[in-house]
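I keep this notebook for a first reading of a structure that is new to me. Each entry notes what I looked up and what I found.

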Amino acid sequence: MIIDEFFSSDKASWDTRLLATDISEKALAAARRGVYSKDRIEPLPNAWKLKYFVKLDADNYVVAERLKNEVIFRKFNLMEKDYPFRRKFHAIFCRNVMIYFDNETKSRLISKLHECLEPGGYLFVGQSEAISHKADGFKFVKPSVYKKI
C-alpha cells in the first residue's frame, strides 16, 4: 500500500513487486489469502481501506487482487547455505527472527543478508534485535534500522 501510494502514476516504470518469504507453508498460505479482521485494518486510513481491501463478510476483509498480485510468496529457510536470489534488494525486513538464533548463527545470517542488499540498502530488524553494525558492514540509522555501507 505504501509503495503503491508512493509511486502512484510512476509505478509502471518501476519494479515494485515484493518477495515475501517464510519457512512455514501455513504462514505463506495465510499471507496468500490476505484476509484480515476489521479490527486489524481499523488503524489504516479510510481511503486505504476502500482502495486496497474488499469486504469478505461482516468481520473480515481481503486484500484487493491488484495488490496481492504484486507480492511473490516463496518458502525459504534463512539457514540455507546459498541464497537463490538473482538480484540484490533495496530493503530487507527480517523482523523478530534473530531472537531465536545464537550469536554465531545470527552473525552468519547478518552476513548473508548484507550480501543480498544493494549498496545503501536497508535492513529492518525487530525492536528487540540489534546487530553489530560496524563489524557487519552496516551503519546504524535508528533502532531496528541499518544501512549497508
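The entries below go through strands, backbone angles, aromatic rings and cysteines in turn.

**Entry 1: the model**

I noted before anything else that this is a predicted model, and I read every value below as computed from it.

**Entry 2: the small open sheet**

I looked up how β2, β3 and β4 are arranged, and found an open sheet of 3 strands in the order β2-β4-β3, with antiparallel pairing. Its edge strands are β2 and β3, each of which pairs on one side only. Neighbouring strands of this sheet are turned against each other by 35 degrees on average, with direction ignored. I then followed one of the pairings, and saw that β3 and β4, the latter covering residues 60-63, are joined in the antiparallel sense over 3 bridges. Within that pairing, K55 has Y61 in β4 as its bridge partner.

**Entry 3: around β7**

Which strands pair with β7, and in what sense? On one count, β6 (residues 89-94) pairs with β7 (residues 117-125) in the parallel sense, over 5 bridges. I looked up the partner of F89 and found L117 in β7. On the other count, β9 (residues 145-148) runs antiparallel to β7 and is joined to it by 3 bridges. There, Y122 stands opposite K147 in β9. I also checked what connects the parallel pair: helix α6, residues 103-116, makes a right-handed β-α-β unit together with β6 and β7.

**Entry 4: positive phi angles**

I searched the backbone angles next, bearing in mind that most residues other than glycine have a negative phi. S8 departs from this, with a positive phi of about 45 degrees although it is not a glycine. S8 sits in the loop between α1 (2-7) and β1 (18-22), and with a relative accessible area of 48% it is partly exposed. N96, likewise not a glycine, has a positive phi of about 60 degrees. I located N96 in the loop between β6 and α6, where it is partly exposed at a relative accessible area of 39%.

**Entry 5: aromatic rings**

How many aromatic pairs does a search of the whole structure find? The search returns 11 aromatic pairs. One of them is formed by Y36 and F53, an edge-to-face pair at 6.2 Å centre to centre, with 85 degrees between the planes. Because Y36 lies in β2 (residues 35-37) and F53 in β3 (residues 53-55), this pair ties together parts that are 17 residues apart in sequence. I compared how open the two are to the surroundings: Y36 counts as partly exposed at 31% relative accessibility, whereas F53 counts as buried at 9%.

A further pair that I looked up joins F140 and Y146, which are edge-to-face at 5.8 Å centre to centre and 70 degrees between the planes. Here F140 is partly exposed, with a relative accessible area of 38%, while Y146 is buried at 2%. I also noted that F76, Y83, F85 and F89 are linked into a cluster by ring pairs; F89 is the residue that I had already met as the bridge partner of L117.

**Entry 6: cysteines**

Why does the search find no disulfides, given where the sulfurs of C94 and C116 lie? I recalled that a disulfide is a covalent bond between the sulfur atoms of two cysteines. The whole structure gives 0 disulfides. The sulfur of C94 has its closest cysteine sulfur in C116, and because 11 Å separates them, they are too far apart for a bond. The cut-off that settles the matter is 2.5 Å between the sulfur atoms. Read from the other side, the closest cysteine sulfur to that of C116 is in C94, again at 11 Å. I checked the burial of both residues: C94 is buried, with a relative accessible area of 5%, and C116 counts as buried at 10% relative accessibility.

Methods
Residues are numbered from 1 along each chain as its sequence is written. This is a predicted model: local features need pLDDT of at least 70, side-chain atom pairs count only at pLDDT 80 or more; totals for chains, interfaces and linings use all residues. Side-chain values use heavy atoms; hydrogens and water are left out. Two strands pair if DSSP finds at least two bridges between them. Helices (H or I, at least four residues) and strands (E, at least two) are DSSP runs, numbered from the N terminus. A crossover is right-handed if, with the strands pointing away from the viewer, the path from the first strand over the helix to the second runs clockwise. Buried means under 20% relative accessible area, exposed over 50%, partly exposed in between (1.4 Å probe, protein chains only). Rings of Phe, Tyr and Trp (its six-membered ring) pair if their centres lie within 6.5 Å; planes under 30 degrees apart count as stacked, over 60 as edge-to-face and the rest as tilted. Axes are lines fitted to C-alpha atoms, for helices over the stretch in contact, and angles run from 0 to 180 degrees between N-to-C directions.
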